[in-house]
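Could you walk me through this model in the viewer, stop by stop? I would like to know what to select next and what is there.

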Amino acid sequence: MVNVQSIRQDFPILQTEVYGHPLVYLDNGATTQKPRQVVEAMVNQYYHTNANVHRGVHHLSVVATDMLEQSRETVRKFIHAASVDEIVFTRGTTEAINLVASSFCQQEMQAGDEVIVSAMEHHSNIVPWQLQAERKGIIVKVIPITDEGILLVDEYEKLFTPKTKIVSVAHVSNVLGTINPVADIIRIAHDHGVPVLIDGAQSVPHMPVDVQALDADFYCFSGHKVYGPTGIGVLYGKREWLDRLPPYQGGGEMIGTVSFEHTTFNQLPYKFEAGTPNYVGATGLAAALEYVSNIGMQAIAAYEAELTQYALRQMIQIPGMKIFGPLVNPQSSIVNCQLSQQDGSEVQCSRGSVISFLVGNIHHLDMGTLLDRLGIAVRTGHHCAEPLMHRLGIEGTLRASFALYNTLEEVDALVAGIKRVASMF
Ligand code: PLP
């Protein structure tokens, strides 16, 4: 059970007033707010145990190093990786995907080889591959989606050729809220001998994730979207892949020995962590993962599903409302549902706690600005997914995205706000 009133006490920013209204923060897909436990863990480290890691024999450096490795273990446990050697700290999801795109292409791909992404990817899972397309001549292929924003799994299967070398897709769409059938996507790729990278930026904060159960080859997420600090994220990679791939960046920490003639590289995961790591960020991330683990990811998923359903039920009644993404029957009591694909086959489709919408002809920027005047923070625009906007034939949407500290009353405020703004046009 999520005790939302007690949870809200942990997030001082939620007491903020905006234009005389209590803040209703519904931009959690972009970044989440931070509980005291995270901020205090970081402040305590700066006050009491700050020293550069891995390099010193002195007391503080040893303590800081232990803390970093303990944080790595917390991450390992959270996503159920087999070993801490498979947990690489990065700046975030974006850097993790760039790391894989760069190292994987360098080692495993030739001109004409293919990567498969989907039509609903964030720019951070498109552009790194396009950079490799320019540099190395690889080809980016795209899994099409239905108008409701559901991946066409049959079409996905048809994209494989002997030149397909990697698949890279989002677990949950940051625009549509679609929860992709990543276990199936991975199984199909593995049937073709192809590894898969999963962008978990919008899944890890909202549901239990088990990288071994999924059999993901690579999985990444950002700390700041799961109540942790900015500037820290995670790349999980199966040991066999991380061992095989070359380093992404060069510098301190990632080396074995260095001479001007020849340099050898450090063991995993340090081979991919050049330079001083964001060890205070790692402390904050571990505190965040412990925070959500104490509440329980299952409980968080169930609570957010309740909020999302409550919102969908009301929003769908607003005249002119267009909701994007798989629209689960808002009258049903669960957010999971069976959906029919174009060929009549059924696909398990669930919806994440992201609702993108437009109302009548009201421009998303106008509505977003007016909602802000009521204290309601939603995101507007293309959500770093311009190709998806093109697919949907729109320029942008409003997006409300929920977190564990949001309340049913805040959903009511959103709905009342949308109605009020709509009545002004
Ligand atoms: N992937 C998805 C699905 C996202 O929603 C985001 C951020 O919104 C990212 C990747 C990029 O995350 P970051 O900017 O933290 O690297």
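Here is a tour of the ligand site, two backbone details and three helix pairs.

**Stop 1: the ligand**

Keep in mind throughout that this is a predicted model. Begin by selecting the ligand and showing the residues around it: Thr93, Thr94, His122, Ser124, Asn174, Asp199, Ala201, Gln202, Ser222, His224 and Lys225. Now turn on distances for three of these side chains. Aspartate 199 places a polar side-chain atom 2.5 Å from a nitrogen atom of the ligand. For serine 222, a polar side-chain atom is 2.6 Å from an oxygen atom of the ligand. Finish with histidine 122, where an N or O atom of the side chain lies 3.4 Å from a ligand oxygen atom.

**Stop 2: two backbone details**

Next, follow the chain to aspartate 215, in the loop between helix 8 (211-214) and strand 10 (218-222). What is the phi of aspartate 215? It is positive, about 65°, although this residue is not a glycine. Then move on to the loop between strand 13 (263-265) and helix 10, where you will find proline 269. Select leucine 268 as well: the peptide bond joining it to proline 269 is cis, with omega about -5°. Both details deserve a look because most residues other than glycine have a negative phi, and most peptide bonds are trans.

**Stop 3: helix 2 and helix 10**

Carry on from that loop into helix 10 (residues 279-295), and add helix 2 (residues 36-48) to the selection. Their axes come within 8 Å and cross at roughly 150°. Angles over 145 degrees count as roughly antiparallel, so that is how helix 2 runs relative to helix 10. The crossing is right-handed. To see the contact, show Gln37, Val38, Ala41, Met42, Gln45 and Tyr46 from helix 2; across from them in helix 10 are Tyr279, Val280, Gly281, Thr283, Gly284, Ala287, Ala288 and Tyr291. Colour this contact by class and you get 9 nonpolar, 5 polar and no charged residues.

**Stop 4: helix 11 and helix 14**

Now select helix 11 (residues 297-315) together with helix 14 (residues 408-423). Here the axes are 10 Å apart and the angle is about 25°, so helix 11 and helix 14 are roughly parallel to each other. They too cross in a right-handed way. On the helix 11 side, display Tyr303, Glu306, Leu307, Tyr310, Ala311, Gln314 and Met315, which meet Leu408, Val411, Asp412, Leu414, Val415 and Ile418 in helix 14. The same colouring by class gives 10 nonpolar, 1 polar and 2 charged residues for this contact.

**Stop 5: helix 12 and helix 14**

Keep helix 14 on screen and bring in helix 12 (residues 364-373). How do these two pack, and at what angle? The angle is about 120°, with the axes 10 Å apart, which makes helix 12 oblique to helix 14. Once again, the crossing is right-handed. Show Met367, Leu370 and Leu371 in helix 12, then Gly417, Ile418, Val421 and Ala422 in helix 14, to view the residues that meet. They divide into 6 nonpolar, 1 polar and no charged. Before you leave, pause at Ile418, a residue of helix 14 that meets helix 11 and also belongs to the contact with helix 12.

Conventions:
Residues numbered from 1 in each chain as written. Predicted model: local features only at pLDDT ≥ 70, side-chain atom pairs only at ≥ 80, totals over all residues. Heavy atoms only, no water. Axes fitted to C-alpha atoms, helices over the stretch in contact; angles between N-to-C directions. Helix = DSSP H or I, 4+ residues; strand = E, 2+ residues; numbered from the N terminus. Parallel < 35°, antiparallel > 145°, perpendicular 65-115°, else oblique. Left-handed = near helix turned anticlockwise from the far one by under 90°. Contact = heavy atoms within 4.5 Å. Nonpolar A, V, L, I, M, F, W, Y, C, P; charged D, E, K, R; others polar. Near = heavy atom within 4 Å. Polar contact = N/O pair within 3.5 Å; in protein donor to acceptor, adjacent residues only side chain to side chain.
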